[in-house]
Every structure is written in structure tokens, then in C-alpha cells.
Amino acid sequence: MMNKEENEFLFDDKQTKKIMRRARFWSTVKMIGITLIVTPIVLIALWYGLRTLSLNSAQKVMDDIHLFNEISAPNVQISNQVYDDHLLGGKITTTTYKVLGDQHRPYIWNPIESDYNLFGTLTFTSFSSSIQIEGSESLAETHQFERFNDYTGDREMFFYHPKIAYDHYKDNISELNQLEKNTLVELAISFDNAYRFEDIKSKLPPEVQVDWWWVDAYTDDTLDFFKQGQHTIAANHPYIYGFQSEQSKPKSRRSSSDEVDTFIRNVELLRKGKNFEWETNQVYQALIGENGTLEKSDVKITGAVVTGTPEQLQSLQGQSYIKGSIFGVISNQK
């Protein structure tokens, strides 16, 4: 038989286990309660943080796309940018247009689709491709076939680099008299040399509107590659650089800032970012002078995009500094 002390011990042991079970139960209930309260707060905070980061990334990428358009994209301006974001990034659609003539008539151009990640890095950007129409050109002229934009169906321009000797140069200026008077024309003109900005501006007739200036921003290695096949440089090439002319903007939007200085500033800004860093470093290395810095005197102009009526552009006929001229958009809706 158990004595009184043994009975008391067994009773205390049972009571202790019961109390511990009850404590564990309420501890579990408490933890579940805390989890149910805290988890939604943490998830909401995490969602808000990711959402804010995604929106900030979208804005940063849109700014970079806009800046890069300012130093590339011959006569292509941005009208709007919209983004479709998710927690890990998103997609940006950039709508664009061209400017035609001194009335600054907008001509809708192809949109640009870009994907970016959560940290504001571009992961994909669509580039327009050309529909190439073959003709009777010789093998040496294969890069001078007529090209048409795959979105609008309009002619695509291209340029001749002055340091490359081509067997053939197209002269679409001589065909202006075949167009109707109410036509608006976009024309890529290539110069016989690389000129200082102020020098080439003074050469062009005052009635000709320049919408975009082509900058000689190619390294020696790139030019050696172009020379091998007498490559022309297409206007929709991803690595063609220049800047918009103030003439391409309505007077109310024109800036007193020097266009070349603005171009240099945009290159410097993009070099500091993670988007288009490689491209702008290539531009920088191609342009910098012997002192190792990019200055206004280092920027030379090798071509331009001009727009206007056939009558306005006729004044370019016979200008000795123009080596070649290529039609772009031709619109009959003046």
C-alpha cells in the first residue's frame, strides 16, 4: 500500500502535468493569435514596400528611356509613357512621333516596349526592324536598299559616314521636284566631313528646318567594321547618336540652353546609371579628346534630319557639303 507521502507526490505530478499542458495550450493559442495579427501586417508592409520600389523603379527606367531618346532616335520624340507593373518589375510602353515641317506636325511612329525588373534595370527593349525591298543594286550597295518601317510602312532613312568611301551615294534631293507641293518630307542628309556645330548651322539655308543632328560618335574599331562592307548607318540602328534641334520644338517650348551642352549633359547623366551605361560609355570613349574629358569642341556633326515642303528643301540642291540624301517619311497631309 502507498503511504501518504507517495499519494501526495503522485497527485502533485498529475497536477504539474495538467498545468503544463494547459500552459502549452494557451501558449500555442497566444502564438497563433499573434501570428494571425502580425502576419497580415508584415505582408501588407512587404507588399507596400515592394510596390513602392516597383513604382520608383518604373519612374527611373522611364526617365532613362527618355534621356536615351534625347541622344539617339533620329527625329523621334516621346509623346507618352505608361507602365504595367507587378511586384517583381513590369513593362513600359513608350509612344513616339516624328516632327514634320515648321508647323511641327506630329507623325505617329512606332511604340517602344521595354521590360524592367524590381531594381529598375532594363531586361528587354524592342527595336523597330525594317522591311527591306531588294532592287538592282550591286553587292557593294546592299546596305542601300530601300527600307520601310515595319509598324507604319513609311520609308526608313539611313546615313553615309564621311570617313567611309562608298561606290554610290543616293541623291533624293534631286527627286523633290517630283513630289506634290502640299507634301511634307523628312530627309536624312549626310555631310562630306565632320563639322563643328556652329559651322554647319551657318551653312544650311535658313528656310530649311533641322529637326535632328547626327553626331560622329563611333570608335575606330566600329568604323573599320563599317568600312569593310561599305555599311550605311540606318536611322533605326540602336547605336546611332545625336540630338534634337531646338527648331523641332514649338517656340513656346524652346530652351535657351546650348544643344551640344545638353547632349553632353545627357551622356554624362546616363553614364552614371545602370541602364544604357555601356552605350553611353561607347559614345564617351568615341568623343573624348586628348585631355580625357568630353567637351563641346569634341562633338562633331556628320549629318542631319531636315523636314519641310519640297519647295523649302529644294534650297539644299547643289550644296557641296552634302554627300548624300535619303527620304524618310513623305506625308501628303500638310
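**Exercise 1. The whole chain**

How much accessible surface does the protein chain have, and what percentage of it belongs to carbon and sulfur atoms?

*Solution.* The model is predicted. Step one: take the area. The accessible surface of the protein chain is about 18300 Å². Step two: split it by atom type. Carbon and sulfur atoms hold 53% of that surface. Step three: add the burial figure. The chain has 334 residues, and 42% of them count as buried. Step four: list the secondary structure. There are 6 helices and 13 strands. Step five: check the sequence range of the contacts. Take contacts between residues at least 6 apart in sequence; 70% of these join residues at least 24 apart.

**Exercise 2. Two hairpins that share a strand**

Describe how E3 pairs with E2 and with E4.

*Solution.* Start with E2 and E3. E2 covers residues 89-100 and E3 covers residues 105-117. The two run antiparallel and are joined by 11 bridges. At one pair of positions, Leu100 stands opposite Arg105 of E3. Now look at the turn. The hairpin leaves 4 residues between E2 and E3, and Gly101 in the turn has a positive phi of about 80 degrees.

Move on to E4, residues 122-125. E3 and E4 are antiparallel, with 3 bridges between them. Here Ser114 faces Thr125 of E4. This hairpin has 4 residues between its strands, and Gly120 takes a positive phi near 80 degrees.

**Exercise 3. The enclosed strand**

Is E12 largely enclosed or not, and which strands pair with it?

*Solution.* First, count burial. In E12, 8 of the 9 residues are buried, so the strand is largely enclosed by the rest of the structure. Second, find the partners. E8, residues 184-196, pairs with E12 in the antiparallel sense over 8 bridges. E9, residues 209-215, also pairs with E12 in the antiparallel sense, over 6 bridges. Third, locate a residue that has a partner in each. Thr307 of E12 stands opposite Glu186. Thr307 is also the bridge partner of Gln209.

**Exercise 4. The residue after the strand**

Classify Thr309 as buried or exposed, and place it in the fold.

*Solution.* Place the residue: Thr309 lies in the loop between E12 (300-308) and H6 (310-313). Apply the cut-off: buried means under 20% relative accessible area. Thr309 has 8% relative accessibility, so it counts as buried. Then look across the sequence. Leu184 is 125 residues away from Thr309 along the chain, yet their C-alpha atoms are 4.8 Å apart.

**Exercise 5. Two pockets**

Give the volume and lining of the largest pocket and of the second largest pocket.

*Solution.* Begin with the largest pocket. Its volume is about 570 Å³. Its lining has 33 residues, and Phe68, Ser72, Ala73, Ile112 and Phe127 lie nearest its centre. The elements that give two or more residues to this lining are H1 (4-70), E2, E3 and E4. Sort the lining by type: 16 nonpolar, 12 polar and 5 charged.

Repeat for the second largest pocket. Its space is about 290 Å³. It is lined by 19 residues, with Glu70, Gln244, Lys249, Thr262 and Asn266 nearest the centre. H1, E1 (77-86), E11 (242-244) and H4 (259-271) each supply at least two lining residues. H4 gives the most, with 5 residues. By type, this lining holds 5 nonpolar, 8 polar and 6 charged residues.

Notes. Residues numbered from 1 in each chain as written. Predicted model: local features only at pLDDT ≥ 70, side-chain atom pairs only at ≥ 80, totals over all residues. Heavy atoms only, no water. Pairing = 2+ DSSP bridges. 1 Å grid on protein atoms, 1.4 Å probe; cavity = no way out; pocket = protein on both sides within 12 Å on 5 of 7 lines; lining within 4 Å. Points joined across faces, edges and corners; volume = space filled by probe spheres on them. Nonpolar A, V, L, I, M, F, W, Y, C, P; charged D, E, K, R; others polar. Buried < 20%, exposed > 50% of the residue type's maximum accessible area, 1.4 Å probe, protein only. Contact = heavy atoms within 4.5 Å. Areas by Shrake-Rupley, 256 points an atom, 1.4 Å probe, with all protein chains shown as cover.
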